Amino acid sequence: MSTGTVTRGPAPREERDRAGGGARARNRPARGFAVRILTTAAYLAVILAAWYLYVTLADVPSFLLPEPGEVWDAGRELVTEGQLWPHLGYTLRNIALGFVGGSLVGILLGWVLWASRTVREIFAPYMVLLQAAPKIAVAPLLVLWFGLSLTSQYALILLLVFFPMTAATMLGLRDVPADVSTLGRLLHLSRWRYLRTIQLPAAMPALLAGAKIAVIDAMTGAFLAEYLSADRGLGYLMVLGNTQNDTPLLIAAVVLTVAVGLLGFGLVSLAERRLLRWSR
Amino acid sequence: MSAFLSVRGISKTYTAANGSKVVALDDVDLDVAEGEIVALIGPSGCGKSTLLRMVAGLDTDFGGELAWTVEPRPGKDIGFVFQEPALLPWRTVRRNVSLGLEAQGDKSPKGRERVGELLDLVGLTDFAGSFPKELSGGMRQRAAIARALAYDPRILLMDEPFGALDAITRDRLHDDLLRIWATTRKTIILVTHSVEEATYLADKVAVMTARPGRIKAVHEVPLDRDRTPRTRQLPRFAEFAGMLRQELE
C-alpha cells in the first residue's frame, strides 16, 4: 500500500490545479469573447473609416466604389424588400447540403482508399489528377452536362468538398498508433466497432482540419455555381448588381458572402473546440 | 499449482528484407502454472516479445504447439499491457479502463463495480474523470494495467511494461503489480530486460538467448512470495540477480 500513499501525495495538488484551471477556464472565454468582439469592431471601424475617407477625399465616383452608407442602404433595401432571406437561405442551404454530402462521400472514399491497397493504387493517379486540376475550370462543363439546374450546382460543390475530406480521412485513419490497433485485435473488436470507438475519434483532428478547408470550398462552389447558373442566391445577387450597374448592391452581396464564409468557418471551429476537448 | 499453459517446441523463421532466413525462435518449451508470475528475460532480438505475441494470439504463423488447459476465448481471456500505455486520449481514465467490457457489450453493474475496484487498486479513483493527457507517465501505465484486467482475463501478458518509466516510478509500479497480483491471483507472463525486475516480481524466470531465440534455462526464484522493498536488499536477491546477469552474458 506504501506506493499508493506515495502516489496520492501529489494527487490533491494536481487536482487543485485542475479545479483552479477549471474556474479560470470559465472566466477566460467570457473575457476572451469581449476582447475578440472589441478587436473585431476595431478592425471593422478602421476598414470603414479608410473606405469612407478614400471615397470622399479622392472623390471616387459611386459606380466604381460607393461610400459605406450607400452599401448599408442597399443591404437594408434587400431586407425591407424581403429579398435577403430567400437569396441567403438558398445559398446557405446549398452550402450545408453540399458540405454534408461532400464530406460523407469524402470520408467514405477516404476509408475505402485507406482500407484497400489495391483500390488505393488503382485510384492514386485519378486522385492526383483531380487534385491538380483547377476544379473551377470544370464548372462550365458541369453546366453543359447538367444544365442550369440544382444538379450542376451540387455537382460542383461536391467536387470541391470531397477531396479535402478524402485526403484528411486517409491521413487521419493512419494516425492510430500500432499498439492501439493491436489492442483492437486483442479485444476482438468488430470492424464497425473498431471504426467507431478507435479509428474515427483518432482521425477526428485530421477530419476537422479537412472540414475547415472543405467548408470554405463548399462556399466557393456554391457562389460560383450561382454565379454561373442560378437565378437565386448570393452569387446571383452579385451578378444582378453587376449587370444592373448597381455597385452598392454588388458590394453588399460581397459583404454578405464574406459574412457567410466567416459563419461556416466559425461553426467548424466551434465543433473542433467541443470535439477535441481532450487534446487541449 | 496446476498446469495452465504449455509451450511446446515453438519455432519461427522469417525471411529478412535481404532474403536471408532468420530464426526468431528455435524449439522453445515453457510451462506456465495457474497463478504464477513468469518472467521472460533476454537480450533484444531473442524473440521474447514474439513469444508473448504468440501466446496472445496476435501471431499465429509459427511451428510447434501452445497447449492451454482451457483455450482462451478471443477478446475475453487475454489481458495485454504494452511498453507504452496506449490509452485512447479522447476517453477519460474510467472509459479507457472499461474499454474491454464495452467491446464485449458488458454493461452489467458487476462490470462497472469491477472497474471501480481496479481504479481503486491502482490508486486512480480520484482521476477517473481525467483525460490521459492530465496524468503522469506512471499513472497512465497504471491505467493501462487496470484496462487489461477490467474484463477479468485469465492471463495477463506484459511486454516490458515498465521499460519506459523512470527508476523511482518503476519501483512503485512493481509494488503496485504485486499488490494487484495478491488481490487477483492472475497468471502473468512478463517480458523484461531487467534482471532486478524479473527477480523482484517473478516466481520463475526463463532466460533466453538471441540468434536463434532459445530458452537457455528456467530458474525458480528463491524468494518468498510476499515481497516488499526490503526484499531487494536481501543477499539472496542480489545473488539470484547476479546469477541471471551472468547467464545473460
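This tour moves from the whole of chain A to one buried position and then to two patches on the surface.

**The whole chain**

Begin with chain A in full, displayed as a cartoon, and keep in mind that the model is predicted. Chain A holds eleven helices and zero strands, so that following the cartoon along the sequence gives the pattern α-α-α-α-α-α-α-α-α-α-α. If you then switch to a surface display, the accessible surface comes to about 16400 Å², and carbon and sulfur atoms account for 68% of that area. Of the 280 residues in chain A, 36% are buried. Contacts between residues at least 6 apart in sequence can be considered next, and among these 72% join residues at least 24 apart.

**A buried position in H9**

Select helix H9, which covers residues 191-229 of chain A, and within that helix pick out A:Ala225. A:Ala225 is buried because its relative accessible area is 3%, and the cut-off for that term is under 20%. Now add the residues around this alanine: leaving aside neighbours within four places in sequence, A:Ala225 is in contact with A:Gln153, A:Leu156 and A:Ala230. A distance can also be drawn in the viewer from A:Ala225 to A:Val143, since the two are 82 residues apart in sequence, while their C-alpha atoms are 8.7 Å apart in space.

**A nonpolar patch**

Return to the surface display and select A:Leu92, A:Leu263, A:Leu267 and A:Leu270, which form a nonpolar patch with about 360 Å² of accessible area together. Which helix gives the largest share of this patch? The answer is H11 of chain A, which contributes three residues. One residue to centre on is A:Leu263, which has its place in helix H11. With a relative accessibility of 47%, A:Leu263 counts as partly exposed, because that class lies between the limit for buried, under 20%, and the limit for exposed, over 50%.

**A patch of positive charge**

For the last stop, select A:Arg36, A:Arg273, A:Arg274, A:Arg277 and A:Arg280, five arginines that gather on the surface in a patch of positive charge. Centre the view on A:Arg273, which is found in helix H11, a helix spanning residues 247-275 of chain A. Is A:Arg273 buried, partly exposed or exposed? Its relative accessibility is 45%, and therefore A:Arg273 counts as partly exposed. To finish, display A:Leu263 and A:Arg273 together, since A:Leu263 from the nonpolar patch lies in H11, and A:Arg273 from the charged patch is found in H11 as well.

Methods
Residues numbered from 1 in each chain as written. Chains lettered and ligands numbered in written order. Predicted model: local features only at pLDDT ≥ 70, side-chain atom pairs only at ≥ 80, totals over all residues. Heavy atoms only, no water. Patch = residues over 30% accessible without salt bridge, like charges linked within 9 Å, V, L, I, M, F, W, Y side chains within 5 Å. Areas by Shrake-Rupley, 256 points an atom, 1.4 Å probe, with all protein chains shown as cover. Salt bridge = Lys/Arg side-chain N within 4 Å of Asp/Glu carboxyl O. Lys, Arg positive; Asp, Glu negative; His and termini not counted. Charge placed at Lys NZ, Arg CZ, Asp CG, Glu CD. Helix = DSSP H or I, 4+ residues; strand = E, 2+ residues; numbered from the N terminus. Buried < 20%, exposed > 50% of the residue type's maximum accessible area, 1.4 Å probe, protein only. Contact = heavy atoms within 4.5 Å.
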